[in-house]
Amino acid sequence: MLQGKTAIVTGAAGDLGNAMARQLAEKGAHIVMWDIVARAEAAEAIQRVAAHDAAVEYTEVDVRDRAAVDAAIADLPQLDIVCSNAGIVEAQPFLALSQENWQNHLDINLTGCFNVCQAAARKMVADGTAGRLILTSSWVGAIPWPEISAYTVSKAGVNMLVKQMARELAAHGILVNAVAPGIVNAGLAGRQLREEPQYAARVAKVIPLLEPGSPEEIAAAVLYLASPQTAYMTGSILTLDGGCSLFQFDA
Ligand SMILES: NC(=O)c1ccc[n+]([C@@H]2O[C@H](COP(=O)([O-])OP(=O)(O)OC[C@H]3O[C@@H](n4cnc5c(N)ncnc54)[C@H](O)[C@@H]3O)[C@@H](O)[C@H]2O)c1
């Protein structure tokens with residue numbers, strides 16, 4: 001399905017990004033993994049993708065660093081799909097929220113997506129590629145969740161960035177959509193579930209489908225957004241949250 005396509009996945013050493021890279025590679029895409037962690041630290045994650053794309057590339061890129069993003073994109077002969085997925089969460093109650101915590105979330109989760117997507121879109125337009133930009137938002141980009149103001153605001157920004165880019169890039173045939181995962185028992189939420197008892201207690205009450213999601217379920221939605229099946233879809237936020245964002249009486 002994706003033979004001959006090249007895809008960048010940011011945050012590809014992490015749980016969701018790695019699942020995305022694996023599923024895109026399984027369908028034939030050539031994968032360019034980006035992450036801030038050193039190659040040695042990402043060795044296992046690279047290996048899992050290499051099982052499907054022997055030529056997988058790994059580049060250490062900090063998505064906050066615009067010059068590094070531009071240089072890494074300039075190195076690519078071709079670019080068809082971008083999964084702008086790198087992100088962080090660090091809980092701090094609103095009254096204790098530091099300016100540093102606030103700024104870090106905006107810099108990585110939101111400005112990082114701007115840097116990567118604008119640089120990629122410029123290349124796609126220059127190359128005449130009708131590409132796909134797929135951002136990782138979150139269900140909490142639309143619903144407030146306790147103690148993560150900076151994170152929820154950054155994801156709300158991602159949702160509007162998706163719609164804004166979709167509007168302006170449609171004329172170039174570039175489609176822009178997002179996945180909005182709910183609570184996944186891996187990656188950022190997996191760590192919170194293990195380390196923050198108050199988070200685990202809240203999670204136990206808020207998932208109508210009762211179980212957290214998996215990285216594979218989120219990656220399958222990303223694959224759908226990269227596929228020919230979604231050629232008429234742009235500006236959408238595809239939510240996979242087990243019903244979390246439905247109104248609840250007891251949460
Ligand atoms: N896990 C969940 O339940 C969940 C739910 C909703 C949304 N998300 C979103 O999914 C995305 C992936 O998160 P995850 O859960 O797989 O966490 P993760 O920590 O496993 O992966 C995130 C990756 O991003 C990388 N990263 C961090 N800062 C970076 C930077 N400045 N430049 C480049 N890479 C950087 C990290 O090194 C890490 O490998 C994030 O955008 C997150 O907000 C996750």
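Where is the place of glutamine 248? Glutamine 248 lies in the segment after strand E7 (237-240). The views below come from a predicted model, and they start with the whole protein before moving in.

**View 1. The whole protein combines eight helices and seven strands.** Its radius of gyration is 17 Å, close to the 18 Å that the globule rule gives for 251 residues, so the protein is as compact as a globular protein of that length. Along the principal axes, the C-alpha atoms fill a box of roughly 50 × 40 × 35 Å. Of the 251 residues, 48% count as buried. Take the contacts between residues at least 6 apart in sequence: 74% of them join residues at least 24 apart.

**View 2. Seven strands make up an open, parallel sheet.** If you would like to trace the sheet across, follow the order E3-E2-E1-E4-E5-E6-E7. Strand E3 (57-60) and strand E7 stand at the edges with a single partner strand each, so one side of each is left without a neighbour in the sheet. From one strand to the next, the twist averages 15°.

**View 3. Strands E1 and E2 run parallel to each other.** Here we step in on one pair from the sheet. Strand E1 covers residues 6-10 and strand E2 covers residues 30-35, and five bridges join the two. One position to look for is alanine 7, whose bridge partner in E2 is isoleucine 31.

**View 4. A shell of 28 residues surrounds the ligand.** The closest of these residues are Gly11, Gly14, Gly87, Gly187 and Ala189. Which helices each supply at least two residues of the shell? They are helix H1 (15-26), helix H4 (99-127) and helix H6 (187-195). Sorted by class, the shell has 14 nonpolar residues, ten polar residues and four charged residues.

**View 5. Glutamine 248 sits in the segment that follows strand E7.** Is glutamine 248 buried or exposed? A residue counts as exposed if 12 or fewer other C-beta atoms lie within 10 Å of its own. Glutamine 248 has 12 C-beta neighbours inside 10 Å, and therefore counts as exposed. For a landmark in this view, look to lysine 205: the two residues are 43 apart in sequence, while their C-alpha atoms are 9.3 Å apart in space.

Notes
Residues numbered from 1 in each chain as written. Predicted model: local features only at pLDDT ≥ 70, side-chain atom pairs only at ≥ 80, totals over all residues. Helix = DSSP H or I, 4+ residues; strand = E, 2+ residues; numbered from the N terminus. Rg over C-alpha atoms; globule rule 2.2 N^0.38 Å. Buried ≥ 20, exposed ≤ 12 C-beta atoms within 10 Å, placed from the backbone. Contact = placed C-beta atoms within 7 Å. Near = placed C-beta within 6 Å. Nonpolar A, V, L, I, M, F, W, Y, C, P; charged D, E, K, R; others polar. Pairing = 2+ DSSP bridges. Axes fitted to C-alpha atoms, helices over the stretch in contact; angles between N-to-C directions.
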